[in-house]
Amino acid sequence: MLEELNQIEQAALASLDTAQDEAALQRWKVAHLGRSSPLMLTFDKLGSLAKEERPAIGRRANQVKQALEAAFAAHSAALEQAAITRALGAERLDVTLPGRPVLLGRLHPTNCTLRRIYAIFAEMGFQVYRSREVETDEYNFQLLNFPPHHPAREMQDSYYIDSGTARGDNPLLLRTHTSPGQIHAMRQMVALNPQDPPPVRIILPGMCFRYEQITARSEMQFNQVEGLAVGKDITFGDLKGTLSDFARRLFGQQVRSRFRASHFPFTEPSAEMDIECFVCGGAGCPVCKRTGWLEILGCGMVHPIVLRNGGYDPLRYTGYAFGMGPERITMLLHRIEDIRYFWANDLRFLEQF
Ligand SMILES: [Zn+2]
């Protein structure tokens, strides 16, 4: 019986070395320490042994059981340690590697230009004035001296809004320019002091919408920055001085500018302002279409009818207004050839700014 226990112990210890993973280890435990293992069956047999044999056999059986349990625990711990060592080797962490850079967003190129325009006019004392994008025909056209059926409306095909009610001559539309803000701003100032309204010096940035065929040169939505100065003794000289200085601050101190006569319903006289082509220096190139000049904005003295509609007496007040397209100016600054890039959301374009 004692000899049998020695063999059980040796066989169990020998097979333990072949268990190389957790599953094999559990199978070994069932085979050698489980309820029906040879060792446990020995305990069952103790009762049938002669009385004087029992203590020695029982003691030896307990020794073997303790030895197998200790060997199992030691082998189990060794396997676990080996697994940890293997994992550390396989997933080695190099703490000297530089961290992953955090991805930062950036400003849209139009916003970059808008911020430069705001900064320049802020230094000249102009405040930013924002107004609604959905307008009435009255504000978008009539008060700005575009009567119904006026041919100048042809230039600004519009998105009308079906408001569900008959509004007659005054339908709702998406504004075609930021100019209705001129009337809102003037009327707000007049409300402050109807007898002697304070002067106005504002720029009006915002999105405009026209029913245009989308091409490389025209979009159905675009930003505009309008400017308006109203007060006493404001002359065309003030207009030219302010806008020439603006052009120098935006395009460089050397840039020359010129004014060409033009027509807008809400200004009289009206002009368009060109700057000397900064690509060819005025010699003529494809960017300036060989003219040497680039058109950057439209402007003029505020029409007396518009001043009156805003609440300012045209006999006592004068003013000038101008309007420019930040996308067009961005195209000139960066020589972008297609306006559709601005709303295409193509990162290859946007990440260049
Ligand atoms: Zn040129």
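Student: In this predicted model, between which strand and which helix is the loop that holds Asp 233 found?

Tutor: The model is a predicted one. Asp 233 has a positive phi of about 65° although it is not a glycine. The loop that holds Asp 233 runs between strand S6 (221–231) and H8.

Student: Is Asp 233 buried or exposed?

Tutor: A residue counts as exposed when its relative accessible area is over 50%. The relative accessible area of Asp 233 is 69%, so this residue is exposed.

Student: Which residue in the loop between helix H11 (341–344) and helix H12 (347–350) has a positive phi although it is not a glycine?

Tutor: Most residues other than glycine have a negative phi. In the loop between H11 and H12 there is a residue that is exposed, with a relative accessible area of 65%. Its phi is about 60°, and the residue is Asn 345.

Student: What span should the 16 residues of helix H8 (residues 236–251) have at 1.5 Å a residue?

Tutor: The expected span is 1.5 Å times one less than the number of residues. The end C-alpha atoms of H8 are 22 Å apart, which agrees with the expected value of 22 Å.

Student: Which helices are included in what covers the buried residues of H8?

Tutor: The buried residues of H8 include Leu 239, Phe 246 and Phe 251. Their cover includes strands S7 (257–264), S8 (267–276), S9 (293–302) and S10 (318–324). It also includes helices, namely H5 (109–123) and H10 (326–334).

Student: Which residue does a cis peptide bond join to Glu 268?

Tutor: Most peptide bonds are trans. Here omega is about -5°, and the bond is cis. The partner of Glu 268 has its place in strand S8, and this partner is Pro 269.

Student: Which residues are the protein donors of the zinc ion?

Tutor: The donors follow the spacing C-x2-C-x4-C-x2-C along the chain. Each gives its SG atom, at 2.2 to 2.3 Å from the zinc ion. The donors are Cys 277, Cys 280, Cys 285 and Cys 288.

Student: What is the geometry of the zinc site?

Tutor: Four donors count as tetrahedral if all angles lie between 85 and 135 degrees. The angles among the four donor atoms of the zinc ion are 102 to 114°, and the site is tetrahedral.

Student: Which helices do the buried residues of H4 pack against?

Tutor: Helix H4 (residues 54–90) has 37 residues and reaches 54 Å from its first C-alpha to its last. Among its buried residues are Ile 57, Ala 61, Leu 68 and Phe 72. These buried residues pack against H1 (2–16), H2 (22–33) and H3 (38–45).

Student: Leaving aside neighbours within four places in sequence, which residues is Ala 61 in contact with?

Tutor: Ala 61 lies in helix H4. With 1% relative accessibility, Ala 61 counts as buried. Beyond those neighbours, its contacts are Leu 5, Leu 39 and Phe 43.

Student: What is the radius of gyration of the protein chain?

Tutor: The chain has 12 helices and 10 strands. For 353 residues the globule rule gives 20 Å, and the chain is well over this value, so it is more spread out than a compact globule. Its C-alpha atoms fill a box of roughly 135 × 55 × 40 Å along the principal axes. The radius of gyration is 44 Å.

Note on methods. Residues numbered from 1 in each chain as written. Predicted model: local features only at pLDDT ≥ 70, side-chain atom pairs only at ≥ 80, totals over all residues. Heavy atoms only, no water. Donors = N, O, S within 2.8 Å, 3.2 Å for Na, K, Ca; no water. Tetrahedral: all angles 85-135°; square planar, octahedral: opposite > 155°, others 65-115°. Helix = DSSP H or I, 4+ residues; strand = E, 2+ residues; numbered from the N terminus. Buried < 20%, exposed > 50% of the residue type's maximum accessible area, 1.4 Å probe, protein only. Contact = heavy atoms within 4.5 Å. Rg over C-alpha atoms; globule rule 2.2 N^0.38 Å.
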